[in-house]
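User: I should like to learn how to read the features of a protein model. Could you guide me through this one?

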Amino acid sequence: MQKQIIGIIGSGAMGAGIGQVAAMAGHSVVVYDNNKASLDKAKTSLAATLQKLEEKGKITSAADVLHRLIFVDDIHAFATCELIIEAIVEKLEVKKAVFAEVEKVVSDTCILASNTSSLSITSIAAACTNPSRVMGLHFFNPAPLMALVEVIPAIQTDPELVTMAAGLMKEWGKVAVLAKDTPGFIVNRVARPFYGEAIRIYEERIADMATIDWAMTEIGGFKMGPFTLMDYIGHDVNYVVTETVFQSFFYDPRYKPSFSQKRLLEAGWLGRKSGRGFYNYA
Ligand code: NAD
């Protein structure tokens, strides 16, 4: 059977990673971004990653996988796609505008998914003429390594899409979990107190960041401590998710964001990607 053509909106950390997963699963993949520098960076880093995977014997040919990926700055290239996964900036109004634009160029049967970490899928779907084709497909970072994918139907979503998405994620070697369209879904909601309490412990001078990270990895068994993980995700993404979850739960103090993290964002200290966050990587 012919594999679906997959479209990816956004060539940042998540878009590039999801594109890699789809291309490695044998799909032709169209990666679109409105920023040329981001597209070039994604193309270069994906080529290097695939080369390393070939050298380690994890894939037979990096060139074959790379050949299935195209990088474009024109959404009309989505015309032949059957599933499009959006991974752009975590801002509802921007996502809604992009979904409305994309819907104009795709076929009537093309499915539109968002990789949002926290925004309402129902609200994104409402921006489309046919909201029943919209759903959430939430991958974790880094997408090629993390098995879990949350499958999130909006209240308007055609129920058949859930079955289709769960089957496709299995084909991609992922484990799908069905989540309701509520702020943060499952993982990002559970994760809020993980980050929030860690920051509060640090702000109350109960322990420093390195000690909290050490305790959570060495004793708690987590792969990364909360400060290392927030720096890895990026404060532009992580802080905004906390803010969205807080607002979406009608300002429930359990999800209250912190000034310490807000200041990092304001300074442009976004974490690993900018060379400085809670820790200094320079
Ligand atoms: P990123 O900043 O690395 O990449 C975003 C990309 O989107 C950039 O290349 C940017 O140029 C592009 N973009 C922005 N606005 C655009 C537009 N209007 N049209 C086309 N392209 C546009 O961000 P990311 O970390 O990849 O996150 C993307 C999405 O995935 C967000 O919704 C985020 O919440 C979600 N997410 C992030 C993580 C994570 O750990 N970083 C994990 C899971 C989900």
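**Reading the model step by step**

Analyst: Let us begin with a single residue: aspartate 64 is placed in helix α3, which spans residues 62-67. Please bear in mind that this is a predicted model.

User: Why does aspartate 64 count as partly exposed?

Analyst: The general idea is to count neighbours: a residue is buried with 20 or more other C-beta atoms within 10 Å of its own, and exposed with 12 or fewer. Aspartate 64 has 14 C-beta neighbours inside 10 Å and therefore counts as partly exposed. As for its position in space, 9.4 Å separate its C-alpha atom from that of glycine 26, although the two residues are 38 apart along the chain.

User: Where is glutamine 51 found, and why does this residue count as partly exposed?

Analyst: Glutamine 51 lies in helix α2, residues 36-55. This residue counts as partly exposed because 14 C-beta neighbours lie inside 10 Å. Its C-alpha atom is 29 Å from that of threonine 116, a residue 65 positions apart from glutamine 51 along the chain.

User: How should the two faces of a strand be read?

Analyst: In a regular strand, side chains point alternately to one face of the sheet and the other. Take strand β3, residues 69-72: Leu69 and Phe71 form a covered face, whereas Ile70 and Val72 form an uncovered one.

User: Which residues of strand β5 lie on each side, and are they buried or exposed?

Analyst: Strand β5 comprises residues 111-114, and both of its faces are covered. Ile111 and Ala113 lie on one side, Leu112 and Ser114 on the other, and all of them are buried.

User: Which strands pair with one another?

Analyst: One reads pairing from the bridges between strands. Strand β2, residues 29-32, pairs with β3 in the parallel sense over four bridges; there, valine 31 has phenylalanine 71 as its bridge partner. Strand β4, residues 83-86, runs parallel to β5, and four bridges join the two. Within that pair, leucine 83 is opposite isoleucine 111. From β4 the chain passes through helix α4, residues 92-105, to β5, and this β-α-β crossover is right-handed. β5 also pairs with strand β6, residues 134-139, in the parallel sense over three bridges, with leucine 112 opposite valine 134.

User: How many residues surround the ligand, and which are the closest?

Analyst: The shell around the ligand is read as a list of residues and then sorted by origin and kind. The ligand is surrounded by 26 residues, the closest being Gly10, Gly12, Met14, Ser38 and Asn141. Two elements, α1 (13-24) and α4, each give two or more residues to this shell. The most come from α1, which gives three residues. By kind, the shell contains 12 nonpolar, 12 polar and two charged residues.

User: What are the domains of the protein, and how many residues does the shell draw from each?

Analyst: The protein is divided into domain 1 (6-178) and domain 2 (188-273). The shell around the ligand draws at least three residues from each of them. The centres of the two domains, taken over C-alpha atoms, are 26 Å apart.

User: How many residues of the two domains are in contact?

Analyst: The size of an interface is often given as the accessible area lost when the parts come together. Here we consider contacts: five residues of domain 1 are in contact with seven residues of domain 2. On the side of domain 1 that touches domain 2, one residue is nonpolar, three are polar and one is charged.

Terms used
Residues are numbered from 1 along each chain as its sequence is written. This is a predicted model: local features need pLDDT of at least 70, side-chain atom pairs count only at pLDDT 80 or more; totals for chains, interfaces and linings use all residues. Two strands pair if DSSP finds at least two bridges between them. A crossover is right-handed if, with the strands pointing away from the viewer, the path from the first strand over the helix to the second runs clockwise. A residue is near a molecule or strand if its C-beta atom, placed from the backbone, lies within 6 Å of it. Ala, Val, Leu, Ile, Met, Phe, Trp, Tyr, Cys and Pro count as nonpolar, Asp, Glu, Lys and Arg as charged, and the others, Gly among them, as polar. Domain bounds come from an automatic or database domain assignment.
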